[in-house]
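Subject: Structure handover

Hello,

Here is the structure I promised to pass on. Please open it beside this email and follow along.

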Amino acid sequence: MAYFLKKSNYKKGTYLQIYESFYDPERKGGAHRSYKALGYVHELQEQGIEDPIAFYQEEVIKLNQEFNAAKRAAKTRQISDESPEKLIGYFPMKNINDRLSVKKYIDLMQTATDYRFNVFDMMSALVYARLVHPCSKSKTYEEILPKLYDSYDFSLNQLYDGLEYIGCEYEKIIEIYNHQIQQLYQFDTSHMYFDCTNFYFEIDKEDSFRKKGPSKENRKDPIIGLGLLLDANQIPIGMKLFPGNQSEKPVIRNIIENLKKRNSVSGRTIQIADKGLNCAENIYHALKNGDGYIFSKSVKLLPEIERTWILLDNDYREIKDTDGNILYRIKECVDEFDYKFEDRESGTIKKFKITEKRIVTYNPKLAQKQIYEINREIEKAKLLQASQAKKSEYGDSAKYVIFSSTDKTGEETGGKVKVTMNDKLIQKSLELAGYNVLVTSELSMNAKDVYDAYHNLWRIEESFRIMKSQLDARPVYLQKEDTIIGHFLICYLAVLLTRILQFKILKNNYCSEALFDFVHNFKVARISDRKYINLTRGNAFIKEFATICNLPLTSYFLSDGEIKKMLSHRF
């Protein structure tokens, strides 16, 4: 390849362009193309360039020198120094991220720092790398970032500094994204879904942030909790991290109140969460703030009169599928219910009475599954009882037995432990298998609509699963609290951009697995200076997505321009 100055004589004057010559494998010979358009000589002179031809001849000489230097360096470069493979499956999320125009606000934020790298570019690079190939930060820097089509200019130390900075400012960054999303797509906060999970750390000693607590994986490692808030269309709108030994119940209050203040969310919203977040104080605060709620409630903890109502066959309606098979049975009632909780600020007990709708469902398939699990635990308990096993060996089956210390006459002592089956609890558990109770402030809302709204909570569970599996958010090896939060912000933004693609662009016509399969596997390899081959295995999703985007995603040969078009595409 060589550069030269092309002079074209037109009626208006002499027009200058820098051209490059290159070898075209299709023609099997040399070819030329425009590298840079410069303008008419007289116009360039008016701009202050005394002799445009001589001026740009010098630029051509410099370009040729740089090219020849790069060519010499390429000859000495080892094969392993640079992979021809490029991972470009992140381009739909990049398109959305660019269109949100978040960069200008984060660039303004950065002016308060002395960083010599662009924080938004660093953050975006980590989001894209997390989407295409999640791994540790050092491996991301050394192996994944070089495989992204775009190049990024920051060191590994700057990466960690930037991660700590965005962790410290994560609420502002989420606020900026929410502001921009609201302009383009608009959140629906009439319903908001909330749930919590936790992430473990493979460390021996706790610190002020990573504490030992009840783990979802039943691990003994220190953990942190993460609360996630979705709007009615399952788009993430809030995230909160908290020490692993803290209760998750206050988190729903804090995050919703904070979200409303930061994002000027007004009007009544309905908070939807599972029984882990159902407590009198959350109900009290929801109503106090003018909001509603839909919570599930533990059937086993209900008073006797409510359990009796649940087990009565009258008033149940059957919900069937298109083939006439029973999906579940449902009934409802509206009544006044008493609640109380301890106010931590005043130390007093607050009591209140509200009119509440309660909806009970019976799912035959769920009942069958739960009865099988209960009987399995009962059989395990009986075997352990017969073999005089230790209490620690019972595990989950311990709830179906009663441990008591007795002597030969049956009197309780501090000696030998007697194990008897808890027949009352066994009977109660079998009777209530398959039943679920929802409590709601929405008295006028149809029972089936309440049920359907609650069961969209699985989207939050799916978001957690995406973080933990597709984005490989755990285990976490970072040490500083703000750096850890920065890591989870990267995971949150990856989920956010994916959900916008899934629900706002593709109208929920494709599952998350199809999207991530594309993102992980869409890759190309460079075979010449401006030509690539598509290494991706074809499938139905890629063909349909190519049609939606009007992009050559199924082509074998791809030019540099076609890839750039993908990365700058606007849905």
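Cys 279 is buried, with a relative accessible area of 14%. Cys 333 is partly exposed, at 24% relative accessibility. The cut-off explains the two labels: buried means under 20%, and partly exposed lies between that and 50%. Keep in mind that this is a predicted model.

Why does Cys 279 not bond to Cys 196? The sulfur of Cys 196 is the closest cysteine sulfur to that of Cys 279, but the two are 11 Å apart, too far for a bond. A disulfide needs the two sulfur atoms within 2.5 Å. The count of disulfides in the model is zero.

Next, the sheet. Nine strands form an open sheet with mixed pairing. Their order is S7-S6-S5-S8-S9-S15-S12-S11-S10. Which strands stand at the edges? They are S7 (236-243) and S10 (317-320). Each has a single partner strand, so one side of each has no neighbour in the sheet. From one strand to the next, the twist averages 25°.

Look at the S10 edge. S10 pairs with S11 (residues 326-342) in the antiparallel sense, over four bridges. One bridge to find is the one between Lys 320 and Ile 326, which is in S11. As you trace a strand, remember a general point: in a regular strand, side chains alternate between the two faces of the sheet.

A helix also lies across part of this sheet. Helix H15 (residues 458-470) crosses S5 (191-200) and S6 (223-230). H15 runs at about 30° to S5.

Now find S16 (residues 523-528). S16 pairs antiparallel with S4 (residues 85-87) over three bridges. There, Lys 86 stands opposite Val 524 in S16. S16 also runs antiparallel to S17 (residues 531-534), joined by four bridges. Ser 528 stands opposite Lys 531 in S17. S16 and S17 make a hairpin, with two residues between them.

Last, the inner space. How many cavities of 30 Å³ or more are there? The count is one. The largest cavity holds about 30 Å³ of space. Its lining is Asn 95, Ile 96, Arg 99, Tyr 185, Ile 505, His 569, Arg 570 and Phe 571. Helix H3 (residues 91-99) gives the largest share of that lining, with three residues.

Best wishes

Technical notes. Residues are numbered from 1 along each chain as its sequence is written. This is a predicted model: local features need pLDDT of at least 70, side-chain atom pairs count only at pLDDT 80 or more; totals for chains, interfaces and linings use all residues. Side-chain values use heavy atoms; hydrogens and water are left out. Buried means under 20% relative accessible area, exposed over 50%, partly exposed in between (1.4 Å probe, protein chains only). Two strands pair if DSSP finds at least two bridges between them. Axes are lines fitted to C-alpha atoms, for helices over the stretch in contact, and angles run from 0 to 180 degrees between N-to-C directions. Contact means heavy atoms within 4.5 Å. On a 1 Å grid over the protein atoms alone, a cavity is a set of points where a 1.4 Å probe fits but cannot get out, and a pocket is an open set with protein on both sides within 12 Å along at least five of seven lines; lining residues have an atom within 4 Å of a point. Grid points are joined across faces, edges and corners, and a volume is the space filled by probe spheres set on the points.
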